[in-house]
Structures are given as structure tokens and as C-alpha cells.
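Got your viewer open? Let's take a walk through this model, one selection at a time.

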Amino acid sequence: MKKTLIIRQQFWHTVCCLTALLACLPLLWPRMLPRAWRNAAPEYAGDIILASVLVSFLVLGISSLFLLLKLRNLRTLIHLAIWASQWFLACCIFTLLAYFADVPAPVPPTKPAAQVPVTQADEEPVHTPLPPADTLIGPSALVIPILPVGAPSEESLTIESAPHLIALEQDHPELLRSYIDQSLRWSASLSDQTFYTKPWHVVMTPRNSENQPGFVHAAFLRLTDGEQLPTGYTVVKSGAPFPTISDPEAQIPDLALDLNGAHYLLLAWRGPRNAQQAFSALNAAIHEVDEMVRPLAEKPTPATLESLVSGTNSVLEDDPDSPTSPDILLSEPQTACYQAQILANPGESGSFQLIIRDAASGEILRTIDAIPAHFSHNPNAIFRHDIPGDPFSCLHKGVATASTSDRMPVFIIPHKNKTAPIEVSFELYFCPATKGLTRHLITKTYRIVPFSYPKEHSEQQVPPTSPVSDQDVKKGQTH
């Protein structure tokens, strides 16, 4: 047996080299295996390669020891040289295979964020913190840019027409009702005359070359039989003149646009007490809301309703000029209440993880896990992912209305010790469904107002969004 082992030891070494090379193939071309085996392949392949090397060493050791005991030193050296040549040739073949396989550089595994101490060296290059004023897309965005008419004129004193809203209210009131009830944008503030004091409603910000301060709060109001018209509002109709304001410094009245049915569109201007500027912004807000329901008015079908409520996940369909690189967008509809979106295409099935931490201390303020990822094998495609909102139970019950549901499109960023604006970093990670390595996509730093839970939850309320003060207007702040 020993003589057979010694005579044929090169055969055993050759078998071990070939076995090790075959075990390397799944590492170089993982797609050659079924998807269910790919995760376990590296572990088993490594064990096979290690076993092959150990068996070869064992055969070499036994044969060399036997020959040395027989004082056949020259023959022992020849066997050692042949053994080294066999493994050198195997290494050359592996190098050639790896060259053609073009294996990407390995990405170091991402440790759980909670266990990784944050140091300046681990962070991306420091950027100037951004304000939470990104423009979000999709049917749940609460901050909506509007474009007022250029120069205020006498024409702007006439209330903008809303033909699509009125057509739906008269011909298809059930569709308009369903749209408002199902929309995350409008349902939270429905039937609430003081909606602008709550931390979730539509805010329309004028965007023009002058960048003048001010914004318009908007919501729908539904009246049933026997209910009174909203108090504190001036009821107006499309095409009618705006209410006359004798004092130029008087507050612009809140408007309730009558849609000739059970619904009113409530509009509240908060900004400079400039009638021309306010009326221009209010008209732009009416036009924007009317354009939102235009597809439903032109094609009043359940399919159109579903499309308006759900929207599309493809960013390029909404904005063909959108970048195709991953991005995080953050908006602050109301003070300390935020909306965020992820724009990304991971190229494979999986989920996103968003970690929000204090940029100064590294303390994790919030982690949002298991955000399902939309993906496509087209590298130029990019998809919108809305960050899940908080149920209103996370906020104080005093700010929730009777019609409020759990589907709030806003979320909070709590902080135990700070209420003043702070810098926070938004770290986005992608977790593949195949349980592969979690990879970091992007980090952005924003300056936000943290949410501070009241000490006595039953006695204090979340600070509501108050109208813009004169001091804020002088500073040019919009919200």
C-alpha cells in the first residue's frame, strides 16, 4: 500500500489540484448554480479547496517520510519539485480563469449601524447641511410648488376658474368623494375647518423669480345636510371677484371655494399682507388643485381614480429629466413633521434601510427598515419609494381629528434632549433579498427641527404649525 502511494503520489496530487480548481468555478461564476445554492456555495467551495490542499500535503508527507527512512534523499527532492510544479500550474490556471471571469472587487460587509461607532473618518466628505425643502413627487406629496402669475394685475383680482373640480362635483360627485377619501394628500384634513393648525395638510409654496415669502394652506371640506357653512371663511365662487380689502395692511381672508355641491376647497394665505401677491398665489393654488383632478374629469373611471390615488413608481414617467443616480429627498410640510422619498434602482430584489442619526454625536434617532425596493434590470431606470409615515398615535392625540386615519404621510424625527434645529445624516442602505452583503448607497446631511415628546403626554400637545408671523415674513421665511 505504501509503495503504491509512493509510486502514484503524483496522481493523487493531480486529483487534488483538479478538485480545488473545480471548487473555484462556483466562486468565479456564481450564476452557474441555482439561485437557492448561491449563498451556501462559497462556504462549501472553501471547505473543498481546503480539504484538497490538506490531502495533498498528507500524501506528500507520508511519501517523503518513507523515502527519507530509506535514505532516498534525491528521489524525495524530485517528488517535492514535482508536487510544487503541479500546484504552481494549478495556481496559474486559476489566475487565468479569474481573469476571464472578471470578478468585481469584494465589498466589505456592512456592520449593523447600531454597533458601528461613528467617526469622522468613516463618514463621506462633509457637505453643507441642506434645508428640508426638496420637491417631492407622487400623489402623497404635501408641499406643492405653484407658479403665480407674473405681475399682479387687475385680472388677478378675479378668482381662478376650476372647471374640472366643478364638473366632477356636478356630474360625478361619487368619484370626487372617493378621490378625496382615498388620497393620502387630502383625506387627513377633510372636514376640518382649522386644518392649517394640524401637522398634516397640503402646503403650496409660490416659486417664481422673486422668491417672495408666503404660502397657501389648502384642504377640502365636505358638508352634509344640515351642516352650516364654515365659519371664519369667505365663501367665493369661480370667476367671481375676490373679496374687497379696504385696508392694504389687513389680513387676507381665508377662502372657501364653492364647488356647487357638498365640497368646498379651503384656501388660507399666510404671508405678507399684500392683496395682489396673495390673490395671485391663491389663484395659482386653485389652478394647481384643478389640474390634479383633470385626468379624472376627462376620463371618469375607477381605473383613472386608482391611477390618481396610487400614482406611478417610475420617476422618469413623472420627470424625464430626473437623474438616474440614487438620491434621498426630504421635505418639511409642517414644523417637525417630514416627508421623504428614495429615488433608486438597485437592479435586484430587496429592501432599503434608512438610518437617521445625529450628525454631531452619532446617536441614532430613527431607523426605518424593510422598505420594499422597486427594481429593473435597465440601469437607466429609477423608481420612487415613499418613506412610510407615522400613525397619528405617534403624535399627540390632541392634534388628530375625527376623520384622521392611520395612513399619515408624514413622520417625525424624535430627539430626547434637543428641540433646536440640528444637523442629521440620512444613511441609505440596500439589503438584497438573496441575503447578500448589505451595501451603502448614499448619505445626505440635513438641518432639521427634531420632535420632542412632551413630558406629560396627556397634558401637552404637539406644537401645531402657526401662521407665518410678521417677523418671519420680514426675514423672508416661507415655512
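## Start at a hairpin

Select Gly-362 to begin: this residue takes a positive phi near 85° in the hairpin of β9 and β10, where five residues sit between the strands. Keep in mind as you look around that this is a predicted model.

Now colour strand β9, residues 350–358. Is this strand enclosed or open? Seven of its nine residues are buried, so β9 is largely enclosed by the rest of the structure.

Next, add strand β10, residues 364–372, which runs antiparallel to β9 and is joined to it by six bridges. To see one of the pairings, click Leu-354 and find its bridge partner in β10, Ile-368.

β9 has another partner to show you: β12, paired with it in the antiparallel sense over nine bridges. Pick Asp-358 and look across to Val-424 in β12, which stands opposite.

## Rings across two strands

Stay with β12 and show the side chain of Phe-426, then that of Tyr-446. What kind of pair do these rings make? The structure holds seven aromatic pairs. One of them is over in the helices, so let's go there before answering.

Select Phe-57 and Trp-83: their ring centres are 5.2 Å apart and their planes sit at 55°, so this pair is tilted. The two come from distant parts of the chain, with Phe-57 in helix α3 (residues 41–69) and Trp-83 in helix α4 (residues 73–101), 26 residues apart. Switch on a surface and compare them: Phe-57 is partly exposed at 45% relative accessible area, while Trp-83, at 16%, counts as buried.

Now back to the strands. The rings of Phe-426 and Tyr-446 have centres 5.5 Å apart and planes at 80°, so they are edge-to-face. This pair also links distant parts of the chain, from strand β12 (residues 422–432) to strand β13 (residues 439–448), with the two positions 20 residues apart in the count. Both Phe-426 and Tyr-446 are buried.

## A stop on helix α3

Return to helix α3 and click Gly-61. Gly-61 is partly exposed, with a relative accessible area of 37%. Draw a distance from its C-alpha to that of Leu-80: you should get 9.8 Å, for residues 19 apart in sequence.

## Into the cores

Time to look inside. The largest nonpolar core has 50 residues, and Leu-165, Tyr-179, Trp-186, Met-204, Phe-220 and Leu-282 touch the most other members. Highlight helix α7 (residues 275–292), which gives the most to this core, with nine residues.

Zoom in on Trp-186. Leaving aside residues up to four places away in sequence, its contacts include Tyr-179, Phe-220, Val-289 and Met-292.

Then move to a second, separate core of 24 residues, whose members include Leu-354, Ile-387, Phe-430 and Tyr-446. You have already met Leu-354 as the partner of Ile-368, and Tyr-446 in the edge-to-face pair.

## Last selection: the cysteines

How many disulfides does the whole structure hold? A search finds zero. Try Cys-92: the closest cysteine sulfur, in Cys-91, is 7.0 Å away, too far for a bond. Cys-92 counts as partly exposed at 36% relative accessibility, and Cys-431 does too, at 23%.

## Zoom out

Finally, show the entire chain: 11 helices and 13 strands, with 42% of its 479 residues buried. The accessible surface comes to about 25,400 Å², and 59% of that belongs to carbon and sulfur atoms.

Methods. Residues are numbered from 1 along each chain as its sequence is written. This is a predicted model: local features need pLDDT of at least 70, side-chain atom pairs count only at pLDDT 80 or more; totals for chains, interfaces and linings use all residues. Side-chain values use heavy atoms; hydrogens and water are left out. Helices (H or I, at least four residues) and strands (E, at least two) are DSSP runs, numbered from the N terminus. Buried means under 20% relative accessible area, exposed over 50%, partly exposed in between (1.4 Å probe, protein chains only). Accessible areas come from the Shrake-Rupley method with a 1.4 Å probe; for residues, only the protein chains shown count as cover. Rings of Phe, Tyr and Trp (its six-membered ring) pair if their centres lie within 6.5 Å; planes under 30 degrees apart count as stacked, over 60 as edge-to-face and the rest as tilted. A disulfide is a pair of cysteine sulfur atoms within 2.5 Å. A nonpolar core is a set of buried Ala, Val, Leu, Ile, Met, Phe, Trp, Tyr and Cys residues joined through side-chain atoms within 4.5 Å. Contact means heavy atoms within 4.5 Å. Two strands pair if DSSP finds at least two bridges between them.
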